[in-house]
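This report goes through selected geometric features of the structure shown below, chain by chain and then across chains.

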Amino acid sequence: MKQENNKAHKFGMVIDLDKCTGCGSCMVSCMSENNVPFKEDESNKKDSITWMRVYKLTNGKSFPDTEIVYMPRPCQHCGGKGDHGHSPCVSVCPATATDYGYDTGIVSQIYTRCFGCRYCMGACPYHARYFNWWDPEWPEGMENYLSPNVQPRMRGVVEKCSFCYHRYQLAREKAYFEERDDIEENEYQTACTTACPAGAIVFGDLNNPEHQVTQIVKPDPHPDPKNHDVVGKSRNPKVFRLLERLGTNPKVYYLSEREWVRKAGDNYRDGEWDKIKNHHGATESTHG
Amino acid sequence: MSELENKTENGSTESAGECASGETKDDKGLGLGVIFFIVAFVVCFLSGTLLFPKLLYSKKEQPFNFDHELHVSEAGDCDACHSYRDDGTFTGIPKLATCLDCHTDEPLGETEDEAIFAEEYVANEKEVPWLVYSRQPDCVFFSHAAHTIKAGNDCKTCHGPIAESTSSRPYEENRLTGYSRDIWGKNIFGIKKHSWDRMKMDDCAECHKKETGHQGYCFQCHK
Amino acid sequence: MLPFCFEWAWDIGHAIFFGGFWYAISILGAGMTYVILKSAYDTMNDSGESHH
Amino acid sequence: MKVDRRSFLGLGIGAVAGIAVSPVGLKLMDDSSILTQTTKLWPWALDHDPLDGEIIYENSVCSLCPGACGISVRKIDDRPIKIEGLADYPVNDGGACLHGIAGLQYLYDPARIKTPLKKNGDKFEEISWEDAIALVAGKLGDVRKSGATEKLACITDKDQGSVSGLFQRLLAAFGSPNFYTMPSLESYLEITAAAIHGEGKTIAFDLENSDFVLSFGAGVIEGWGSPVACFKANATRKERHAKLYQIEPRLSNTAANADKWIPVKPGTEADLALGLCAAILKGNMFDSMATSRITGGFNKLAAMLAKDYSAAKTAQITGVKEADIMKLAKAFAKAKMPVAVFGKGRGDGAQSLKEMAAVQTLNILVGNINKKGGVFVQNKTEYLEFPEVTKDSVAEAGTSKARLGRYVDQLIEKINASSNPAVEALLVYNANPCYSLRDTKRVKQAMAKVPFVVSFSSFLDETAMEADIILPSHTFIERLEDVPSMAGLSKTVVGLTKPVISPIFDTKDPGDAVIMIAKALDEAVAGNFEWESYEECLEAVTAGIWDSLSEDGYAVISEGVPTGSQAVNIGFLAGSPETIQAQGDFDLTLIPIDNMRLVSGAAAASPFAVKTLADTVLKGKDIVVEMNPLTAKGLKDCSKATLTTPMGSAKVLINLNEGIMPGVIGMVEGLGHTFDNKYVSNKGVNVNDLIGPVLESGSGLDAAFGIKAKITKA
Amino acid sequence: MDSALIPEGAKRCSMPKFYFGIAIVGGVVLWGVIAMLLIWWKGLNQTNMNDYYGFALWIWADLAVIAVGGGAFFTGLLKYIFKVDELKNIINFAVIIGVICYSSALLILAIDIGQPLRGWFIFWHANVHSMLTEVAFCLSCYFAVLVIEFIPNVLENRQANKVPFFHHLAHNMHGVMAVFAATGAFLSFFHQGSLGGVAGVMFGRPFAVREGLLIWPWTFFLFTWSAAAFGPCFTLLVTKITEIITGKKLVSDKTVHLLAKISGWMITTYIIAKIIDTIYWANVTVPSLGFELSHFYTNNSFYGYWILIAEILVCGVLPGLILIMKSTRENPTLRLVALILGVIGVCLNRWVMVLQIMAVPVMSFDTWALYIPSWQEVATTVLPVAYGIIFIALAYRYLPVFPQENELNYPVEPAAEAE
C-alpha cells in the first residue's frame, strides 16, 4: 500500500524491569493523558480501567529469599502470527472496530464503532482490553481537565492503550506543517514513557535502526526457526516478550538481568526453560 | 426546487383533469381510486421532499452577519485569518484577538453587523460564539496541514466557495444526530454535486483511496 | 455488507463469505416469492368457482 | 359517485408510494444509523465534549511534597489538562511522580473549600473574606491585649519558604515563640546535624555519586526525600556499578530493587548501625583522619561499642547473621564512596535520634563527610531576606518566654495536660496533624481544647474539620510561591510555583491571608507587614534570587561538595541512650508501610493514585495488612481479621506475604481519611490511629517505629 | 371457549386450566423481562461479568440453545434431503423447538452487547475474518429458514386453514420445503461451526485454540457434529416431557427409535472425534505453547479433571453406547437416561468452551478467575426456557404438531392435560 511516507513504522517499546520501581507514574500519566475515568471503588482490578497496568511478580521463594519485580503492561500491540497484522483481537472483532495500522504497527480501537461484544477481550491473553461497564462520571468541574485529543468513552464499549496515538497525529501534523517527510524519535513518545521517573521505558520505531529501542532490542527480522509464528524475537539475551510462544508477536519488550523474571514472561514445561533459555533469535540459535 | 414546483403544478392539474373526465366515464369508483392514488402520491411525495427537511434540521442564525468576500478583498487569502499555529495545528475560526489586528471598538464600516461586533464583542472583549458549519464529530481527528500543505488541496475543495459569500447563511443542525448539515449532506437526496457537499467518512475514504491508494487505517482519522 | 460499505474489499474472503450469504438470501427470497405468487394464483383460480 | 373500497385502496397505495419515492425513508434511516454511533446516546457527552484550542505549556513547580519538582502544565487555551515533569529542571529533569501528574485532580477535588468558613456549633457556614479576617484579627487582638501573646501557636509543614516565613514573622511580631513544624525528613536531618555537627546545620546525601548506598530503611524509591531525584539516582545505579543495600524488616520496593535486602528486627536498626561501627573499629577499617577530627565522645563510644556491640551481640539483637554483619561492615568500609542513609520509609514518620546518629557515625567513621558520593554537612539554606522584626514590649516579653514544647508532639501533650487553655489561638497551615501525628485521638482532643483554631487548608481535611474558622488557600496550581527543594538532596534548588489558572473558587494565597490578618492587628504588628500583597512581599524577600526565579523559574542555592571541615561530636551516642521499645505486650509488631502510591503528609492521595493501589493494599473499603505465613496462625490469605493494639483495634484483611519478617505486621500509611471525597476517603484505616507516640528521652522525638499488636480471626 | 381453534379430533384441557398454567410460567417470563429491561436501561454493570469474563453465562446459554436446537436442521436434513420419511412424525416439533432456541439465542445476543442500538454494525460493518460475524449472519438467516419451515404448520391451524390463500400457501410451501431445508442445512453447518470457531481461533488462549483445516479450527467441525448429534437428543427429550405432561403418546416408538438410533451413531462418531481432538490438543498443541495439561484442571476451586471426564465419558460415550445398542435403546428408561446425559453433555461442552476458557490464567503470573452470575443474568437466561414452554404449549394446543396424535391415542378419554 502507498503511504504518504513510504517506509512503514513499527512502533514499540522496551521496559527495563530492573529500573522499574512500581511507583505508578506511568499508570497515572496514561490515565490523565487519555481521559480515563475513575469510580468510587477501583479495588476490584477486574473492572478497573487502567490501560497501563503494573503487575507485581514474585519469585515464589519464601522469606528471606523472596524477590519482587514490577511489570508495567500496556497494550502489547501484537502483530499476530508471523507478524502479519492479524492480532488476536483485531482478527476477531466482528464490526471492524479495531484494526492493525500497517503504517505504524499500532492496534486501534474506535469507540464509536464498537458495540461491546467483548470478543476481543476474550481473545487477548494480556487482559489489555477494558470494558466500560459504567458511564464515566467526573466530579463537578473535573471534566474541565479532559483532553480534546482523545475522545471520552461512553458506556458499553471496549477501550485500551493506543500508544498515545494522538501524540503521533500531532507530531505528524507538525511535520507536515514544517514540510518534513517524517518525525524525529523524540517527537513521538508515549505518556508513560515521558512520565517514568526512572527512565525505565524506551519507546520508538522498531524498524528504525537509529532508534534507541531498536538498538536495545535488536529484533530478529527472521521467523524463529523453533516456532515460525514468532517473528522479531530479540537478539539481546536479557530481553524477552510476554507470552512470546503463543505467536502473538507483541511490540512491547521487557529487559531484565534476573533469570527468574525472564522465565516468568512465558510458560514453560518442567525443565524446558533450561533447554531454551539461551536461544535468542534465529541468527544466534544454538539448538536445532 | 423550481422544477419541483412545476412538477407539482403539472401533477395537480393532471389529477384535476383526471377528476373531471373520470366522473363522467366511470361511476364504479375505479377512476376515483386512481384520483385518490395520484392525489395521495403527490401530497406525500411533496411533503416528504419539501416539508421533511424543514422538520429534520433546526436553523440557527450566526451572532451577526459576516462578509467573507469583503474580508478577503481587505485582509487577503483565507490563511490571513484562518491560520496555522507554530505546532502545525489549525486555528479554525479566528479568536477575537485575530480580529483586533484590524478592528477596534470603533466600527470600521457603518453596517449594523460591524456595530454589533464593535459594541457587544470588541468592547466587552467577548469571543464571538460563531457556529461552525464544518465541525466534525468528537471522534474525528482532522489535520488541515496534512490536507493543504502536504496534499496541496485548496480550502474550496472541502469548504466550498465560502470566500465569495457576502453574508452568513444560517447554521443548520440535524435534530437527530446533532451534526451540521454541511457534514451530513446538503442535498436531502444525498446527491453530491461538489466535493464540498458532504464530508462523511465515506467521502474521506473515497478521496483517500484516490489520492493515497488506500482509504486509511482507523487511527488515521479517528482519535 | 454491500460493496459500497467502508469495510468492503474485493478479496477472496469477502467473495466467499458474502457470496454464500447473498446466495442463501436469494434462494430464500426467490423461494418465498414463488410460493406466495403461486398460492395467490391458485386462490384466484378456485375463488373464481367458489364465488357466485 | 360513491367512495368505495378501491378509493381507499388508492389513497393508501398512493400515500405509501409517495413517501417511498421521497427521501424520507432513506434519510431517516441514514440519520438514525448515524445517531447510534454518536456519543449523543450518552447524555453526558452532549455538553462535555472537550473543547479544542491552542496547546500551551506553562512551567511551574509542584509543592505537594518537599521534593519540589519542576512541572510543565499543558493547557488548551486557558484550560489546564495535564501535568508533566519539566525537562532539564535541576531536581527532576523531566520525570514526575504519580501525585504530581494527578495534580489537576486536587484543583477540582470535591473536598476543596470554596469560600471562607466559620464553625457554628458543629456546622460550617460560609462567610466573606472581610468578615473572616476581621474575626481572626479580633480574636488575636484579644489574645494580644490579654498580654499572654505566647498563647498564639502555629503549626506548618516547614520552616523554610516565604509563606512559612510570614507565619513566623507574624508570631514574632505578635509575641509568641510557639511556631512548630510537622515532623519531616528535613527536620530530622537538622536535628541529627545539630546533635553531631552543631546547630543551624543540615545533612544531605550524595546518592547520585555514591558507589555504595547502605540504607537503614530509607525508602529511596518510595517517596523518601525528593522522590523523583532519588528515582533517577537509583536508576543510574547499574551504569555506575553502584550498590544499594537495604536494611529493614520488610521487602519494600526499595529492598526489592536493591542489590541486597538485609531483614532486621523492627526497631533494631540503630543497634545494627552501632554493630557495624564496632566491626569497623575492631577491624581497623575506619578513616583515622576523620576520627581524629571527632572532638568529643569517640573513645567513650569506642569502649561502649567494644563492650556492647560485638558482632555476636549485635546479631542476637538484630537477627542479622554475625558473618553477614562482618561482611557488610567490610563491604561498606572498603567502598570508594560509601554512604549510610537514615530516615525510615519516607523519612517523615517517627524517627529515633539514636538511630540517625548511629548511622551518621558510620559515615563519620568511613570519613565520607563532605566528600563526593558521601554525606554533605553544611549550613541551613538561607535565601530569604526578611527585614528585621520590630517588636513592641509585649512581643519582646512574649517571644522571650519558653516554648510550650520542643516539638509539635509535646505541644499537643501540653495542651491536653493543662487545665486552662495553654494555647488560646492556633494557626494551622499546610499541615494535617489530626491525621498524620501518632494517636490522632489525642490530637483532635487538643484541637478541641484550643478555643480558637484557624485553618488555612485548601481542603476540608481532618484538621480543618476541627477548626473554628477556615481561610481557604489556593492550590499549588493557582498560586505563586517560592518552593525550596529540601529533603536530603545534594543540591538545594529554590523553585517558583506560578499560577497556571486563575483561582476557580473564592480562595486566597495564604501569604496574602497572613498579611491581611497582620494588617488588621494593632500597629505594632501591622507595621511589620508593609507589603501591599504577598506577591510584592515575595519579590522583596527573594530579591537576591528573584531575577533567576522569575526568568528560569528556579535558582540553585548550593551545589556540589561543600568545602571546609565540620565539627563532629558524638557525645550523644557515647552516652549510650536507651533504645526505643515498641509499646504494649502483644507478641506481634505492627509497623507502618510507606507506599509510593499514597501520601501521608498534608494532602491526601488523588483519586487516580488511589485507583492504582493494588488489591493487596486496599480491597473495597478494607485495608489489607501484610504478614508472613509463618505468623498467620490459621489466618488465610484475604481472610477478614481484627487487628488490636494498645491504641485500639481495626477490621483488616490479611495478605500473606513472604516478603515480611515473621512476627511483623505491615500496614500501609495514608488510608483511612474521613473527609468528603468518596474516591479517596473512608477507605481502610489510618495507621496513626493504631500507633501511639513514644517519646525518646534526650531527643524528645516521637520514635515509635511501631507498636505491639495481636491479630484475630473476625 | 377456544374449541374452534383446537385441531380436529384432538382433546385439550379446559381453557381456564390451560391459561392458568400459562399464567404461572408467564410470571417467570415477566421476571426475565424485568431483568432484561433493567440491563438495557442501566447497562451491563447489572451483570457480574468483568474484564476477565467478557463472555459468560449468556454466551454459554447462546451456544447451548443453538446446540440443542440443532435437532431442527438435522432432522430437516434427514427428512427433506435424505428423504427419511418416517421423521415426518416429529419434524414439526423439531422445527418448533428450533424456532424457540434460535429466537432465544438472538434475544440473548441483543441483551449481551454493550451498545444494543449498534447491533446492526455486525452486519453492516462486517469483518469477514471474525467467527462472530459468521455466527451473526448464519444465525439470523437460519432463523428465517426456521420461521419459513414453521409457517405451514401454523397455517394448518383449523381456522387459518379455512382461508383459501393460507391453505394454498401451506400446501405450496410443503412442496418446496426441500429447497429451504437444504439452505437451512447449509447455513446451520456454518453457524454451528463458526460458534465452535469462536473459541478455536483464539490463539491467545491455549485452552481454546485448536489447529484446523484452512481457516476453520477443529472445534468448527466438532461443534457442527455435536449439534447434529445431540440436537435430536433434545428433540426426543422434549417430546418425552411433552408426552409425560400431556399424558398422551404423541410420536410412535418407531419414529423415536429411528431418531434415537441416528442420534446414537452421531454421538458415538462425534465422541470418537472429540477424544482424538482432545488427545492431540493435550499432547501436541498445549505442550508446544509451554503448558502441561494439568495447568487447566488444577490450582482452582472448581475446574478439575472431573469436568473433562463428565463431558466426554459420562455424558458422551455412555449415551452414545446406550443409543446404538438396540436393547438399551428400546428400553424407555435407559433411553431417557441417555437423552438426558446427552443434553447435559453438549451443554457441558459449551460451558467449557466459554467459561473455562475465560477462567484459565494464561500469563504465568496471572490467577484463575471464577465468576458467579448476577440474578439479572440468571433471570434473562431462564427467560427463554419459560418462553419456550409457553410457545410449545400454545403450539400443541392449537396446531396439528403431531400427525400421529389421534391414531396413537384413539380411542382417548379426555385425559387431563396441563400446559
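**A helix across the sheet of chain D**

In this predicted model, helix H7 (residues 162-174) of chain D lies across three strands: S6 (152-156), S7 and S15 (425-429) of chain D. The direction of H7(D) is at about 170 degrees to that of S6(D).

These strands belong to an open sheet of 7 strands in chain D, ordered S5-S4-S17-S16-S15-S6-S7, and the pairing is mixed. Strand S5 (123-126) and strand S7 (179-181) of chain D each have a single partner strand and stand at the edges, so one side of each has no neighbour in the sheet. Within the sheet, strand S4 (residues 117-120) and strand S17 (residues 469-470) of chain D are antiparallel partners joined over 2 bridges. Lys118(D) is placed opposite Ile469(D) of S17(D).

**Aromatic pairs**

Over all chains, the whole structure contains 81 aromatic pairs. One of them is formed by Tyr89(D) and Tyr554(D), with an edge-to-face arrangement, 5.2 Å between centres and 70 degrees between the planes. This pair links distant parts of the chain, as the two residues are 465 residues apart. Tyr89(D) sits in the loop between strand S3 (79-85) and helix H4 (98-101) of chain D, and Tyr554(D) in strand S20 (residues 554-558) of chain D.

The two rings can also be described by their exposure. Tyr89(D) has a relative accessible area of 3% and is therefore buried, whereas Tyr554(D), at 22% relative accessibility, is partly exposed.

A cluster linked by ring pairs includes residues of chains C and E: Trp8(C), Trp10(C), Phe17(C), Phe18(C), Phe21(C), Trp22(C), Phe123(E) and Phe137(E).

**Arginine over aromatic rings**

Arg113(A) is found over the face of Phe121(E), 5.9 Å from the ring centre. In chain D, Arg144(D) is placed over the face of Phe174(D), also at 5.9 Å from the ring centre.

**Chain B**

Chain B has 9 helices and 2 strands. Starting at the N terminus, the order of its elements is α-α-β-α-α-α-α-α-β-α-α. Of the 223 residues in chain B, 33% are buried.

The accessible surface of chain B is about 12,800 Å², and carbon and sulfur atoms account for 58% of that area. For contacts in chain B between residues at least 6 apart in sequence, 63% are between residues at least 24 apart.

**Chains without contact**

Chain B does not touch chain E, and their nearest C-alpha atoms are 13 Å apart. Chain C does not touch chain D, with 13 Å between their nearest C-alpha atoms.

Note on methods
Residues numbered from 1 in each chain as written. Chains lettered and ligands numbered in written order. Predicted model: local features only at pLDDT ≥ 70, side-chain atom pairs only at ≥ 80, totals over all residues. Heavy atoms only, no water. Helix = DSSP H or I, 4+ residues; strand = E, 2+ residues; numbered from the N terminus. Buried < 20%, exposed > 50% of the residue type's maximum accessible area, 1.4 Å probe, protein only. Contact = heavy atoms within 4.5 Å. Areas by Shrake-Rupley, 256 points an atom, 1.4 Å probe, with all protein chains shown as cover. Phe/Tyr/Trp six-rings, centres within 6.5 Å; stacked < 30°, edge-to-face > 60°. Lys NZ or Arg CZ within 6 Å of the ring centre and 35° of its normal. Pairing = 2+ DSSP bridges. Axes fitted to C-alpha atoms, helices over the stretch in contact; angles between N-to-C directions.
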